[in-house]
Every structure is written in structure tokens, then in C-alpha cells.
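Okay, thanks for squeezing me in. Let me put the structure up, and then we'll walk through a few places in the fold.

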Amino acid sequence: MSQPPVVPKHARVVVIGGGVIGASVAYHLAHAGWKDTVLLERDKLTSGTTWHAAGLMVTFGSTSETSTEMRKYTRDLYARLEAETGQATGFKPCGFIEVAADVDRLEEYRRVSSFNRYCGIDVQEISPGQVKELFPIARVDDILAGFYVKADGRVDPVDVTMALGKGAKLQGATILEGVPALGVVIKNGAVRGVDTPYGTIECEFVVNCAGMWARQLGAKSGINIPLQSAEHYYLITEKIEGIDRNWPVLEDPGSYGYFREEGGGLMVGLFEPLCAPWKIGGVPEDFSFGEIPPDWDRMTPYLQKAMSRVPVSESAGLKKFFCGPESFTPDLRPVVGEAPEVKNYFVAAGLNSIGILTGGGMGRVMAHWIMNGRPDVDVTGMNIDRLHGYQSNPEYRRTRTVESLGMVYQCHYPTRSMTTARDAKRSAIHERLAAQGAYFKDVSGWEGADWFAGQGKTPDPGPLSWGRQHWYKNWEEEHRATREGVILMDMSFMSKFRVEGKDAGRLLNQLSGNNVDAEPGRITYTQWLNEGGTLEADLTVTKFDDRHYFVVASDTAHRHVETKMKRLFADNHAFCSDVTSAYAQINIQGPRSRELMQSLTTANLSNEAFPFRAVTELDLGFARVICVRITYLGELGYELYIPSEQAIHVYDRLVKAGEPLGLRHAGLKALASLRMEKGYRDFGHDIDNTDSVLEAGLGFAVDLKKPDGFIGKEAVLRKKAEGPLKRRIVQVLCKDPAPLMFHAEPVWRDGKAVGYVRAASYGFTVGGAVGLAMIEGGAEVVDQKFIESGTWELEINGKRYPALASLKPLYDPEMKKVKA
């Protein structure tokens, strides 16, 4: 009889899950010196999903700098692991080709290629004939172009994981197979250990890398990890004469398939547009190296479409039609970071089919985050705290996952919004907006009005496109109405918190770079920083009086901001209440907004009595409304916070009073274009957690002289002491009014790429596509002289266009309109 495993009594970190992600986290922790790391695998390494992964090692395809850099790091790591460990990884840089057979995918891949080249990936656009030369059995008669990365290729997922595990052990980590984690021991809201059948391991940190079991494991500790397993397929043919193992991997998302040599035959992998969720109730605990019986009836049409790209596959013998489970997240982004519910409980799961090709980079990022208390890459798009509890509901997972897997191979149009699991959250005035012809999109689960077709009209978005769509004229009219008249905009999705208590002001000031605890009746724009002086949040704090405050942040920052407050407030007389649903937020903005508002209230809203940043509670009809004079659109305007039960009453009064003034409804498309012309920042889009508050151009919102300082003050002072900035956010405008920008367009200065557009829109007032870019000056200081002395260009869809760069807002730089 075999002896039961011996588990250590103590460890610094316990990693749960022995797939490629868990092995990589353990490897990187051990390599960085944290040798007291234990990896627990309930069965054998690679069980679950890793063992049946296709093993593509591809750097091409992402417009996220974080994801692209993780891919590059991973490829380099897999190339050198064998030399370090003696364990082969199966890495074969045979090349990779992505083909485009329609004009929209051609534009997408050209845009992606521009960004990937900026990131250092050697992407070559090749002709259909060149595709045929590299992959002779492909049908290329309908292909417009291919995108070829010679250094990409394939790996063996099992070998990679074994090499990472061996590397971890060589550095002193402990790997225990056949030892399940029964649960995490939590005391005072923090990790204290992990229970196993063979004893408890006391530890400081836990990393949940349990793959498709991550949700179930997390739920035992009250952690929300809304991922869901789904059927995932590939077919392997018998041997096909003439196939060469040195051929590149071929991917054709338009045909739902990818193709590579396997055992002298062909592997045909699939990402069908509508998938089948698997085991909604929970993945069985004893499922390891299992398979799912394939659904031939459902998959045959997709398989035929994919195989038509390589016709010989249709007549080749069938060796295996494999179906295995793989987990997907609601927005097709990983679930990564410290769980907001429990301190030192980290998660790295939900890799959405890119676990192998980002696994090395993900392990490095997680190890750094755990060891240093904050990540060194932008994690705003994948941080676990962006997700909400309702997204773990069985019906939500069943509904959304059908769409999630297919998104892998969809054309990634800039205006695409998820269409499943909708109507989860509605504003109190939703029906009123619908009656105005609102076209709604998914905004962190809320139905957000994107643009308006007009009263009584049904909005028709038309086919998705990279170009101007028919509703652009509606968008432009809403934009111009804001600049010239008055508009109503619903922003009820914003995260809102009441903060109260005798310590509330002091602690909010500790979190905030700006002084948010000065005079009452004022709103203050501020950033929250970490000890490194980089951004954690971008929000406003309103002070009602010495014990009552109001914090408003973006929809995506909801749980991040809430967690920051609750953790700091613990053991103090300060209390944070989430009142997002208690208040509708209606914004009245534009040069005639004061005229409209003054007609509805007895409060004096003159510029003298109610200046910019003033806050009051005023009467409006039968309602008491918190009125804030602030704008995110660059005009005179007011944000109204209305008790939800009175929102329709207030809305109706506003609309009736606005009729003679030409009041328009405006949506989130107008929000984006208006704020972009003004250069207003949006955390998670054009600024992120890697930016210092100074580089982000937000030094004006930091008060270095306020008493008692703030978190990150010393780092800000050090940054200032370094001298003029060599890295800064810059506003850029395309001088040609025709091209459209969305995100990830490289910015060129004097023939050299110096950054890329992080977020963009179309500036109807300034006359072209406008965006915010982080510019890297290298050895040069990014100042007005640097801006004026350079020749600027924007690379859009593979072509360079003359551009204007500016450190000041292109619209109303003197703030005259805002303060009118």
C-alpha cells in the first residue's frame, strides 16, 4: 500500500492547480526567490484542460499591450526552458499565418499588424500565392491576404507544463500530485492556510489556478469567479501524403478553424460562433483526463466550413474527433488578481483558450504582483474585481457562454457589444429612453444608451463595420447639440458610494491625491494612487459635511474602489455604502443647461451663486435632487443624482421644460467623442495602473501640500525630483477627416514610432479622429518643444496620416465654456 503524501505544515504561497498556469506561477515565484512555494494538484499535472490543448504558440492577434507582451515573453521562455531544465517543451517555431477572406477581417488584421509591429513582432502581410507556398494544401482562391509571423509556431502543452514544474522544483518549490485542496482557511478576512486530506498547510498567500474548477473552489471561500466550461473541439485526420511537419500553423477565423500538422495528418481546430456550455451545475471533482462525447449533429456544419479551407482534409480518414471542456469568461478576458473578498487570495484563471500561449507571461505577472503587492503591467482589463456576483448565476453563465467561445474568432468590430445575457441591469428611466429610440449596449451589465434614433423610432444599428455607419449622423447631431445647445444623458451605471463617519474625511484624504476634505458643498476630482505613485482609480469625491461624503467612479471600477475603501476603513469610524442602485444619474449638459435647470428649481444657479464644482441639494418638482456642477463633456453642465423612485418624475419635468430649448437626448457615443476632444481621461482605457499621475497629465489633481499626505505621495515627489518627464499622455488629432481611430494606432514622430493611441473617438468639433496616446520620448523630454519640433503621423489601417499633437486640450483649453 502506498504511503499517503506528506504535506508541509507551512508555506509562503500555496498554488492550487497543476495546469500550465499553476506550474508557471510556481516556477516564477521560485525563480524570484520565493522557494517556500507549494503547488497542489489533486490528480496529475496537466489534468483538466492543459493536457488536451492544441499547443499554438502565437504572438500575433492582440491589441492589448499586456497580452502581446505576455505572448512574447511566453514564446521566449518556451524556447529556453529545455536548456534550463533538460525537459523538452516541443517548441517548434514553424511559423503562423492568419488569413483574411473578407474586407473587414483584412482591415482588422492590418490594424492588429500595425500595433503588433510597434510591439516588436515581425508581422508580414503576404499574398494568397505566398500563403499557398507556405501551406500548399490550403485553398486560397477567396483569400485577400495572409499575415505571417515566422518566429511563431507550436509547443507540446504537456511537455511545457512538465518543464515549468521541473524548473520550479529545481529552484526549491514543492509540487505535490494527488493532493486536492479542500478549502482555504480564512481569518479576519485574509488567507491563513489551505486544508488538504493530509493536513492543513499554513500560508500567507493562495493562488487559485484551478482552471475550469476555479469558480467552484472560489465559491467555497465566497470568492466570485464567473467562468464556465464549454465544449471545445478539434479533429485529427489520418496521415495525409505530402504534409510537412515544418509547415506553419494556418488560422482562418472566417471559416471557424485553425490547421496544423499532427502525426503526419492534420489537426483541424474549431471555434464555432455558438457553443455548448458544459456542466452548468459544476465540473465533477473526479474529472481529470476525460473527454465529452462529440455532438456530430451540432458541429458538422462548422466542421464542413472549416475543412473547406483545406479540401484534402474532407477526404482524409478520420482518426479522432475530440471534444474536451475549456472554460470561458463573460467578456473573454482572463480572471486575474487579488480577490476583493479576501486579502492575499489570488486568482489566475479563465484564460479563454490562450492559456498555453500566454502561460509563461501570466506566471511572471502573477509572481510579481504577489511579491510586490501590485502588478507591473496594465491589468485594468483583466482584474478579477471588474466582475460581479450575478455573473456567476447558472442562468447567466448558461446564456453568456454560448456567445463567449465564438467571440474568439469573430471579427472584432470596434462597436460590437455582447448580445447574450442582456437586460441584467436597467436604469430607472430605461423605458423612457427606449421611447426616444435609444440603441442600448452592454455597460458592465447595465443597458447603456449608445445613441438615439429619435422619438418613436426603432433603432437599427445595421451591419457592423470598421467604417462610418448610418447612425453616425445621429451621433454627430447629439455631439453638436451638446456643444451648441443642451442635452440629457443617462449615466446611472456610474458607481456611487455614500461614505460616512467621523474618520471618513481623513481616510478619504489618505486615499486621494487631491484634497477632498476641504470646504463642504464642493466636488473634487482626484486620483487614488498606490505606494509606487501609479494610478489605482480616477474619480470624484463630494463633501457634504465633515461626516458625509459621496464617491462616484466609473462602472468598471466599482468593486476596485469599494474594496479600497472597505479595507482602509476597517477598524475606523468610517463606513462605505454602495448606493449605485439608489440613485439615477441624469446629466444635463451644454451652453443652455443653466437655462433649463433654472426653470425647474428655486435654487439660484447663477455662476456667482453656484460656480464650477459647487454641490447642493435642490428642489425639482416633487423631488430632492443632489445637483453637482461638473462636466465630463467639456461644457457648462450639471450632474443630477435622483432617488431612483423619483427618477421618472424628474426626467419628465426635464424633458418638458427642455422642449422649447431644443433638448436632445445624447448617448455614450457622444460621451466618448466629447470627452476625447477635451482630453478628459478614462481609467482603464487611456490611463491605467502603470502610469504615474504626472505622466497621465493629472498633476493638477494632486495636492502635495495638504496635511498628512496621501498614499503614494513619496513616489510622486521622487518622480518630480527626477526632472522633466520623458513619458507623457498626449492628445493626437488626424488632420485628414476621413480615417477613423479606435485603439492601438501607432503614433510616429519624425519617422519613429513613439507610442500608440490608447483610446480614440471622432471629434466632430475639431474635425477628425482624435485620441489619447502615451508617448515615449526615450532620451528626450516630452515637453512643448518636443511636440512642436516633431513631424507627427498616425498609422491607421496600415497607412500613415499627418497628425497634430498637443499637451493641452484641443477643445476649450482655457476652460472658459466649462466655467461660463
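So, start at Leu488: in strand E28, its bridge partner is Ile588. Keep in mind that this is a predicted model. E28 covers residues 583-589, and four bridges join it to E22, with the two strands running antiparallel.

Now, Leu488 has a partner in another strand too. Which residue in E32 is the bridge partner of Leu488? That one is His665. E32 is residues 664-665, and here the pairing with E22 is parallel, over two bridges. As a general reminder, strands of a sheet pair through backbone hydrogen bonds, and that can be parallel or antiparallel.

What about the side chains on E22, residues 487-490, buried or exposed? They're all buried. Ile487 and Met489 point one way, while Leu488 and Asp490 point the other way. So yes, that includes an Asp among the buried residues.

Okay, moving along to the barrel. Six strands close up here, and going round, the order is E33-E36-E35-E34-E37-E38, with antiparallel pairing. From one strand to the next, the twist averages 40°.

Let's zoom in on one pair in there. E37 is residues 792-796, E38 is residues 799-806, and they pair antiparallel over five bridges. If you want a spot to click on, try Glu793, which stands opposite Pro802 in E38.

Two helices to look at around these strands. Helix H17, residues 668-678, packs on the sheet and touches E33, E35 and E36. Its direction makes about 130° with that of E35. Then there's helix H3, residues 103-118, which lies across E34, E35, E36 and E37. H3 runs at about 145° to E35.

Last stop, a helix pair. H1, residues 20-31, packs against H5, residues 157-170, at an angle of about 25°, and the axes are 8 Å apart. Anything under 35 degrees counts as roughly parallel, and that's why we call H1 and H5 roughly parallel to each other. The crossing, as H1 passes H5, is left-handed.

Who makes the contact? From H1 you've got Val20, Ala23, Ser24, Ala26, Tyr27 and Ala30. From H5, it's Val160, Thr161, Leu164, Gly165, Gly167 and Ala168. How many of the residues in that contact are charged? None: the split is eight nonpolar and four polar.

That's my tour. Happy to take questions.

Conventions
Residues numbered from 1 in each chain as written. Predicted model: local features only at pLDDT ≥ 70, side-chain atom pairs only at ≥ 80, totals over all residues. Heavy atoms only, no water. Axes fitted to C-alpha atoms, helices over the stretch in contact; angles between N-to-C directions. Parallel < 35°, antiparallel > 145°, perpendicular 65-115°, else oblique. Left-handed = near helix turned anticlockwise from the far one by under 90°. Contact = heavy atoms within 4.5 Å. Nonpolar A, V, L, I, M, F, W, Y, C, P; charged D, E, K, R; others polar. Pairing = 2+ DSSP bridges. Buried < 20%, exposed > 50% of the residue type's maximum accessible area, 1.4 Å probe, protein only.
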